[in-house]
Amino acid sequence: MATRLVAALAVTMVTVTFGLTLGPTWGPTPARADDTHWDPLPLAPSSTATSSTVGTNLPPRIQWEANYGYCGEVSFISAGLYYGQYVSQYDARAAASGDAPQSRRNSQLLLGVNDTTAASAMHLAATQFTANSSTTATGFLSWVKTNVVAGYPVVIGVLMNQNRFNGAKSPNAGDSDYDHIVPVTAITSAHAFNSPVTAYGDDVLTLNDGGVWTGTPTKQPQNVFNFPFSTFPATRQGANSPSAGLYSIKTNGNTGTAITGVIDQSRETVPVRLATSVPTEKPEMAEGSNARPAPSAVTLTITVSGLKPGATYNLYRYTTLASVPNANFNANAAKAAQKFTIKIPSGSSYTTTQTINSNEVAVYRAVPAGSP
């Protein structure tokens with residue numbers, strides 16, 4: 001759960017390019033009564049058309065709950081894994097705050113506050129959507145869908161149903177901007193994913209909530225949630241209704257950031273993906289603590305794709321964020337802690353594993369051996 005520092009943010013869609021933005025190359029429900037002031041999405045005609053799903057399908061990760069919650073940090077970690085890098089929640093917060101004490105409210109990774117700072121420090125390219133109070137939910141969902149269809153992880157702020165989460169009786173409970181930060185992992189639609197992208201009322205958005213909701217029969221986190229576009233926007237009061245969903249976006253003035261690739265100014269990297277053997281970091285951060293928790297073992301599955309049989313590639317691993325180059329990876333080979341040579345006889349991908357401690361940094365970049 002995020003605790004906001006400011007009530008209102010500045011004004012427009014901003015493209016933040018750290019070096020060169022490179023992204024992957026593959027990569028009817030009635031509206032709620034409280035949503036009458038937002039620009040309505042087109043509803044699909046009655047149809048039996050088969051739906052299809054696009055997106056990153058990022059696996060769920062579990063956030064630390066201490067120190068105002070590490071939801072922004074876990075969202076950026078999920079996006080980082082999609083682009084071949086692992087950091088702990090501790091290091092993601094440090095990247096956002098410049099190593100400020102982690103128990104401070106202003107150390108959190110927050111959308112519209114320090115998310116682009118965090119992306120830059122993590123060597124990730126980002127496109128930020130910020131809005132004023134007149135920007136509609138329709139425009140925001142169109143932007144989200146456009147980026148998900150492009151194959152990018154998208155991180156958004158959402159309102160939590162404070163009645164269902166915390167038993168709050170006030171209809172105004174919670175933050176006026178957003179309560180929680182989550183990654184959007186997929187969009188499901190019965191409509192063709194044509195360009196320009198159109199947001200439809202019966203489109204369905206999938207998100208991971210960081211394991212926050214445990215009101216399940218087993219008291220275990222649900223993690224994955226689906227929301228039709230037509231019922232996802234709500235006012236603060238509508239979002240807190242006992243009959244409303246667990247999460248909503250605002251009817252206007254939403255905030256989000258798309259992570260569009262690694263920073264690669266020389267345009268030489270091939271895709272690297274990571275999967276972790278566990279979705280959690282244990283032991284967790286203690287409430288009010290500034291000390292890094294003790295580590296545990298985590299096995300990374302590293303998949304390099306876009307390879308040509310018979311060609312030689314270098315896979316570099318960096319163990320600090322500061323050591324990761326933004327260009328000319330072979331020329332900067334000395335900055336890497338490890339170098340692996342890849343040459344496959346057939347196919348287009350290579351997979352290996354590496355076991356590390358959960359408090360380590362493991363950033364991987366793969367480039368052709370003949371690149372600068």
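Let's start inside the protein, with the second largest cavity, which has a volume of about 50 Å³. Its lining takes in Gly157, Val158 and Leu159, then Asp177 and Tyr178, then Ser248, Ile249 and Lys250, and finally Gly253, Asn254 and Thr255. Two elements give two or more residues to that lining, namely β5 (154-160) and β10 (247-250). By class, the lining splits into 4 nonpolar, 5 polar and 2 charged residues. Keep in mind throughout that you are looking at a predicted model.

The largest cavity comes to about 60 Å³. Around this one you'll find Trp64, Ser88 and Tyr90, the run Glu281, Lys282 and Pro283, the run Arg292, Pro293, Ala294 and Pro295, and then Ser358 and Asn359. Here the lining residues divide into 6 nonpolar, 3 polar and 3 charged.

One pair in that lining is worth a second look. Lys282 and Pro283 are joined by a cis peptide bond, with omega at about 0°, and both residues line the largest cavity. Pro283 sits in the loop between β12 (272-276) and β13 (297-304). There is another cis bond to find, between Ser195 and Pro196, where omega is again about 0°. For that one, go to the loop between β6 (180-189) and β7 (204-208), which holds Pro196. As background, most peptide bonds are trans, and most residues other than glycine have a negative phi.

That second point leads on to the loop between β7 and β8 (224-228), where Lys219 lies. Lys219 isn't a glycine, yet its phi is positive, at about 65°. Asn223 lies in the loop between β7 and β8 too, and its phi is near 75°, again a positive value in a residue other than glycine. Which of the two is buried and which is exposed? Lys219 has a relative accessible area of 59%, so it counts as exposed. Asn223, at 16%, counts as buried.

Now look at the strands on either side of that loop. β7 and β8 run antiparallel and are joined by 5 bridges. If you want a landmark for the pairing, Val204 stands opposite Pro228 in β8. The side chains along β8 alternate: Phe225 and Phe227 point to one face and are buried, whereas Val224, Asn226 and Pro228 point to the other face and are not.

Elsewhere there's an open sheet of 4 strands, paired antiparallel in the order β3-β17-β14-β15. Why do β3 (85-86) and β15 (338-342) each have one side left without a neighbour in the sheet? Each stands at an edge with a single partner strand, so that side has nothing in the sheet to pair with. In general, strands of a sheet pair through backbone hydrogen bonds, either parallel or antiparallel. At the β15 end, β14 (residues 313-318) is joined to β15 by 5 bridges, and the two run antiparallel. One of the partnerships to pick out is Leu315 with Phe340 in β15.

Next comes helix α1, residues 71-82. Its 12 residues reach 17 Å from the first C-alpha to the last, close to the 16 Å expected at 1.5 Å a residue. How many of those residues are buried? The count is 12 of the 12, so α1 is largely enclosed by the rest of the structure. The buried residues run from Cys71, Gly72, Glu73 and Val74 through Ser75, Phe76, Ile77 and Ser78 to Ala79, Gly80, Leu81 and Tyr82. Glu73 is on that list along with Phe76 and Ile77. Just after α1, Gly84 takes a positive phi of about 95°.

Leu81 makes a good anchor within this helix. Its relative accessibility is 7%, and it therefore counts as buried. Leu81 and Ile302 are 221 residues apart in sequence, but their C-alpha atoms are 9.6 Å apart in space.

Finally, step back to the whole protein. Its secondary structure comes to 6 helices and 17 strands. Of its 372 residues, 52% count as buried. The protein exposes about 14700 Å², and carbon and sulfur atoms supply 52% of that area.

Terms used:
Residues are numbered from 1 along each chain as its sequence is written. This is a predicted model: local features need pLDDT of at least 70, side-chain atom pairs count only at pLDDT 80 or more; totals for chains, interfaces and linings use all residues. Side-chain values use heavy atoms; hydrogens and water are left out. Two strands pair if DSSP finds at least two bridges between them. On a 1 Å grid over the protein atoms alone, a cavity is a set of points where a 1.4 Å probe fits but cannot get out, and a pocket is an open set with protein on both sides within 12 Å along at least five of seven lines; lining residues have an atom within 4 Å of a point. Grid points are joined across faces, edges and corners, and a volume is the space filled by probe spheres set on the points. Ala, Val, Leu, Ile, Met, Phe, Trp, Tyr, Cys and Pro count as nonpolar, Asp, Glu, Lys and Arg as charged, and the others, Gly among them, as polar. The expected span of a helix is 1.5 Å times one less than its number of residues. Buried means under 20% relative accessible area, exposed over 50%, partly exposed in between (1.4 Å probe, protein chains only). Accessible areas come from the Shrake-Rupley method with a 1.4 Å probe; for residues, only the protein chains shown count as cover.
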